[in-house]
Amino acid sequence: MSEGYESQRLLHQYLLFHYGSDEQILEGATAFQGQEEVEGLHFAEATVWSALMLDRYEEKDQGQLRALDIGCAVGRSSFELSRLCAEVVAIDFSQAFINAAKQLQAGQEIPVQRYDEGQLPTEISLSCPEAVNPERVKFAVGDAMDLPDDLGPFDIVHAANLLCRLSQPQLFLQQLPDLVKSGGQLIMATPCTWSEEFTAQENQPQGSTLDFIRSSLAGTFKLQRQVELPFVIRDHARKFQISTSQTSTWVRK
Ligand SMILES: C[S@@+](CC[C@H](N)C(=O)[O-])C[C@H]1O[C@@H](n2cnc3c(N)ncnc32)[C@H](O)[C@@H]1O
């Protein structure tokens, strides 16, 4: 991740993506005018609630569940997981992202620059969503490719839009059997945007990303569910990134 102004801009872009209301994200965006609903504005919630198989848990289990949110960025999915789980370990490589997540956790409002034109920001204010359990989340800086040996096991591991940002995705994938409890769930969302900027050609999947994940998890996980989840990120009022993320749910054998 680059330093200085750009990383501040990226931080604010992710805060808006995770915590902005529909109105805050779409303000001034004529491209979406007239649409009753814009899909993809609540991605950090959707990767939890559209992918998790809730019917696997009885109410009595819910106070016991442990989750890992790896590549949590500014933490929205981690707070979503805290509605269900007693403990959420939330890890990201970026100190700036983790600092912001901790500010929100402490109940602070964060002033964020939302861009109307390429270099013309408006200041808005964002805060932690209601009805989550921020005290259950432990935010930390860490590396998905080199997690502490004693971190797991977890009932739920959630990794959204992380895989194709890793220089050596295999190093992350090979830790998963030890990180997820037997019967536990792994949620892996990825837009499959492999690029040499993040991952050298020889470390990228040679075929489809799903086959790459499947063969890395072979014998240890079973694929249970697969959905495509849209996400919309605002660059400025006239420029949005629109993508979808292949979101697969795997159960540990
Ligand atoms: C594309 S963002 C996705 C963030 C969030 N999960 C979401 O879906 O909006 C990728 C995130 O992975 C983090 N990341 C990149 N490399 C990492 C690594 N080696 N270990 C942990 N996090 C990493 C980045 O800092 C960034 O927050």
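**Figure 1. Helices packed against the sheet in the predicted model.** Helix α5, formed by residues 95-105, lies across strands β2 (87-92) and β5. The helix runs at about 160° to β5. Helix α8, residues 209-216, also packs on the sheet, where it touches β7, β8 and β9. The direction of α8 makes about 30° with that of β9.

**Figure 2. The open sheet of seven strands.** The strands follow the order β5-β2-β1-β6-β7-β9-β8, and their pairing is mixed. The edges are occupied by β5 (137-141) and β8 (221-236); each has a single partner strand, so one side of each is left without a neighbour in the sheet. On average, neighbouring strands of this sheet are turned by 15° against each other, direction ignored.

**Figure 3. Pairing of β7 with β9.** Strand β7 covers residues 180-190 and strand β9 residues 239-252. The two run antiparallel and are joined by six bridges. Within this pair, Gln 185 has Val 251 in β9 as its bridge partner.

**Figure 4. The hairpin of β3 and β4.** Strand β3 (residues 110-117) and strand β4 (residues 120-126) run antiparallel, with seven bridges between them. Two residues form the hairpin connection from β3 to β4. Val 112 stands opposite Ile 124 of β4.

**Figure 5. Surroundings of the ligand.** The ligand is surrounded by 18 residues, of which Gly 71, Ala 73, Phe 93, Ala 144 and Ala 160 are the closest. By character, the residues of this shell comprise twelve nonpolar, three polar and three charged.

Notes. Residues are numbered from 1 along each chain as its sequence is written. This is a predicted model: local features need pLDDT of at least 70, side-chain atom pairs count only at pLDDT 80 or more; totals for chains, interfaces and linings use all residues. A residue is near a molecule or strand if its C-beta atom, placed from the backbone, lies within 6 Å of it. Ala, Val, Leu, Ile, Met, Phe, Trp, Tyr, Cys and Pro count as nonpolar, Asp, Glu, Lys and Arg as charged, and the others, Gly among them, as polar. Two strands pair if DSSP finds at least two bridges between them. Helices (H or I, at least four residues) and strands (E, at least two) are DSSP runs, numbered from the N terminus. Axes are lines fitted to C-alpha atoms, for helices over the stretch in contact, and angles run from 0 to 180 degrees between N-to-C directions. Two residues are in contact if their C-beta atoms, placed from the backbone, lie within 7 Å.
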